[in-house]
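Student: I am new to this structure and should like to understand the reasoning behind the terms used for it. May we begin with the structure itself?

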Amino acid sequence: MKKCSILMALNGLDIGGAETHVVELSKELARRGYRVVVASNGGVYEKELRSCGIKHYKVPMNKRSLPNMLVSYFMLGKIIRNEKIKIVHAHARIPGFLCGLLKRRMNFTFVSTAHWVFDTHGGLKYLTNWGQKTIAVSDDIKDYLMQNYGVKERDIFVTINGIDTEKFSPDVEYDSLVKEFGLEENENRLVYVSRMDEDRAYAAKLIINIAEKLNKNIDNLRIIITGGGNVFDELNKQAARVNERIGRKCIIMTGARTDINKIVSCGKVFVGVSRAALEAMAAQKPVILAGNEGYIGLFDETKMAKAMENNFCCRGCEKTSEAALLRDITYAFNSINDDQRKALGEYGRSVIFKNYSVSKMADDCVDAYTAALKVNEKKKYRVLMSGYYGFNNSGDDAILLSIHSNIMKTNKNIDVLVLANKPEQTSKKYGVKVIYRYNIFKVVWSIMRCDLLISGGGSLLQDKTSTRSLIYYLSIIKMAKMFGKKVMLYANGIGPVEKDKNRKLVKKVVSRADLITLREENSLDELRKIGVVNKNAIVTADPVFSLDPLPKEESEKIFERSGIPLNKPIVGVSVRNWKSIENFLYDVAVLCDRIYDELGRNIVFIPMQLPYDAAISDKVRSLMKRKSYCLDENCSPKEIMSAIGLMDCIISMRLHTLIFAANGNVPMLGFVYDPKIEYYLNLFNMPSGGDVKNYNMEKAFESLKELMENRQKYSSSLKETALKMRKRSEDNVKYLIKLLEK
């Protein structure tokens, strides 16, 4: 993106997470060469912005009154015009509303950031304008935007509260505070930082309430509470009364400050949430996460997932209470030693370096600006997807979901159209735009209108099952190239292509593709053997590795809906029809009975393609002597994957059943009907029961038994492999975007 003028519009510049976020973002963008202008009602951070050469205009956007909003509207219009602003970035409801109105008559690109959740009652929802692209500071705020405002996922970028790790570090000196507040050398200092507003200062109020008890529990305690706001005076009086009862100035109320790095540095333990907590972590302080939204407690590795889920704001967690604060603050000072506190601090700082850098935050914003600029330029890419979609095959439909979802997550201005069987059913089930793959007129028209054709993923280019399907996919590619369109083979599995005539066709057509990504090395080898000469062939991974499961509670409902009890661990079985398979099916039935009798597991069959897998599963079940179950045939690919994630182990002939299991870290045993099954079993370091024509059920049973006895070891190994494959899978869409923009 070319360097241009950016206006940051927010309510004010006093102490607060959003305010600090804007200041740090503005400074980083200015360092990168952008000309940044800030408009707000002003506050303590004005001086810091001016010292960095960032111009500030005082605009009264801090109050929802008609006179203030009218004044602000005209002032913002003048600033945008005079400063030749190209991008307006709003950071609160009132600035967003006003900038949205101005956007209707002025030519600028409009982006907003959602730092928090807003009240949507009484028409307030309609005062909110999230711009052409929206930046959310956490995944739960992203979900909130989609559910409450209908913001499309493709228009939301998720970022972080970037922290300056030089400004907030364990090396910051605070001698000036010692002199200013009369701090003593051997004090146990507890620091709390937040806006002192009614909707932010709940934890501060509780700390003041329990200060006398804390003073009795902790030697030489000093509590420093920093921040200004509409309840500061009330809390300051309350603190004065507590100090009077204690007989010394135990609580220091500093009011609003800009030297937060020094305030944080002087403490031994920090209490707070959101950006303030992250700054304390950067300063290597043990942090107790507590605020108006909820309570997590003393932060360590065990709290990481929960804290990141709500951006360290404690949304959805237990309510902050005096009892919890008293317990954890006392524990942090009295029950752990200096080395343990140091270890907690070092872990917190490592989290900041890994996940919350200012540079990363600025990168995310620049990505949003770039996408929004493209919307402004009215450039819309059209992508056409060709694959084995709409045939009730959960593996291939999972590929469709994964590719479509990953494209949408890029937040690029891309319109995706899918060629599929049963278009109405496919569109309704997966929420994608679909045309019938055999309507030649619509297919040709769609190819002519697209910017890029995706062929994939899955094993489209093979003649093991049918030459007719191979010809279909090659014809679509050939037609796209005939019309001068870009073509990407997206995470394909190649082969086997056995007939000489077919191999020549593949060589001729595929060599013209603009980009080929392949899901395994075997497929690259097969392409080379066929004679395909294409320098743009890259091994990535199957798209399904990037598919996210449903929450556990929803997964459990799938079993309930299918009439499957959860009273015992479950072994999932995925079989498909194949040549000369009768004896194999009988032996699978015997194997399942042994698993039920000797290993105490329930057996659940997983039909991946309907109606074929359901019929073959019923055949095995009829040969069994013990009771077994089958997943509901209406399950979506995501539901099947989520159900597999709750199983103990998987037996499978189907590739995507194995990949679903790997995504859930569920150990597996595979039976090989195609080389791709053997490849993935080796990749996952999981046992094979042999070829369906050459197997040993006794050996298979012993392998299963060993898997279950050492489940944790195998599960951990799978987790590591699946994470690597997920990253490689996500590379597919990065290559797609580069090809589109090339």
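Tutor: Let us start with the lining of the largest cavity, which is made by Ala90, His91, Ala92, Arg93, Gly96, Ser112, Thr113, Phe118, Thr128, Asn129 and Trp130. Please keep in mind that the model is predicted.

Student: Which elements give two or more residues to that lining?

Tutor: They are helix H4 (93–103) and strand S5 (109–114).

Student: What makes a space such as this one a cavity?

Tutor: A cavity is a set of points where a 1.4 Å probe fits but cannot get out. A search of the whole structure for cavities of 30 Å³ or more finds 1, and the volume of the largest cavity is about 40 Å³.

Student: How do the residues of its lining divide by class?

Tutor: The lining has 4 nonpolar, 6 polar and 1 charged residues. Gly counts as polar under the definition used, and Gly96 is one of the lining residues.

Student: Let us turn to helix packing. Why is H18 called oblique to H19?

Tutor: Helix H18 (residues 440–449) and helix H19 (residues 467–482) pack at an angle of about 45°, and their axes are 9 Å apart. Angles under 35 degrees count as roughly parallel, and 65 to 115 as roughly perpendicular, while the rest, short of those over 145, count as oblique. An angle of about 45° therefore makes H18 oblique to H19.

Student: What is the hand of that crossing, and which residues make the contact?

Tutor: H18 and H19 cross in a right-handed sense. On the side of H18 the contact is made by Ile440, Val443, Val444 and Ile447, and on the side of H19 by Ile476, Met479 and Ala480.

Student: How many residues of each class does this contact have?

Tutor: The contact of H18 with H19 has 7 nonpolar residues, with no polar and no charged ones. Ala, Val, Ile and Met are among the residues that count as nonpolar.

Student: Why is H7 described as roughly parallel to H9?

Tutor: Helix H7 (residues 202–209) and helix H9 (residues 232–246) cross at roughly 15°, and their axes come within 10 Å. The cut-off for roughly parallel is an angle under 35 degrees. A crossing at roughly 15° therefore makes H7 roughly parallel to H9.

Student: Which residues meet there, and is the crossing left-handed or right-handed?

Tutor: The crossing of H7 past H9 is left-handed. From H7, Ala204, Lys205, Ile208 and Asn209 meet Glu234, Leu235, Gln238, Ala239 and Val242 of H9. By class, this contact of H7 with H9 has 5 nonpolar, 2 polar and 2 charged residues.

Student: How do you know that the peptide bond from Gly495 to Pro496 is cis?

Tutor: Its omega is near 0°, and the bond is cis. Pro496 lies in the loop between strand S18 (486–492) and helix H20 (500–510). The peptide bond from Leu610 to Pro611 is cis, again with omega near 0°, and Pro611 belongs to the loop between strand S22 (602–605) and helix H24 (612–623).

Student: What is noted about phi of Asn311?

Tutor: Phi of Asn311 is near 55°, which is a positive value in a residue other than glycine. Asn311 sits in the loop between helix H12 (304–309) and helix H13 (322–334).

Student: Finally, what does Asp164 touch, leaving aside residues up to four places away in sequence?

Tutor: Asp164 touches Glu24 and Val358. Contact here means heavy atoms within 4.5 Å. Asp164 lies in the loop between strand S7 (156–158) and helix H6 (175–181).

Key
Residues numbered from 1 in each chain as written. Predicted model: local features only at pLDDT ≥ 70, side-chain atom pairs only at ≥ 80, totals over all residues. Heavy atoms only, no water. Axes fitted to C-alpha atoms, helices over the stretch in contact; angles between N-to-C directions. Helix = DSSP H or I, 4+ residues; strand = E, 2+ residues; numbered from the N terminus. Left-handed = near helix turned anticlockwise from the far one by under 90°. 1 Å grid on protein atoms, 1.4 Å probe; cavity = no way out; pocket = protein on both sides within 12 Å on 5 of 7 lines; lining within 4 Å. Points joined across faces, edges and corners; volume = space filled by probe spheres on them.
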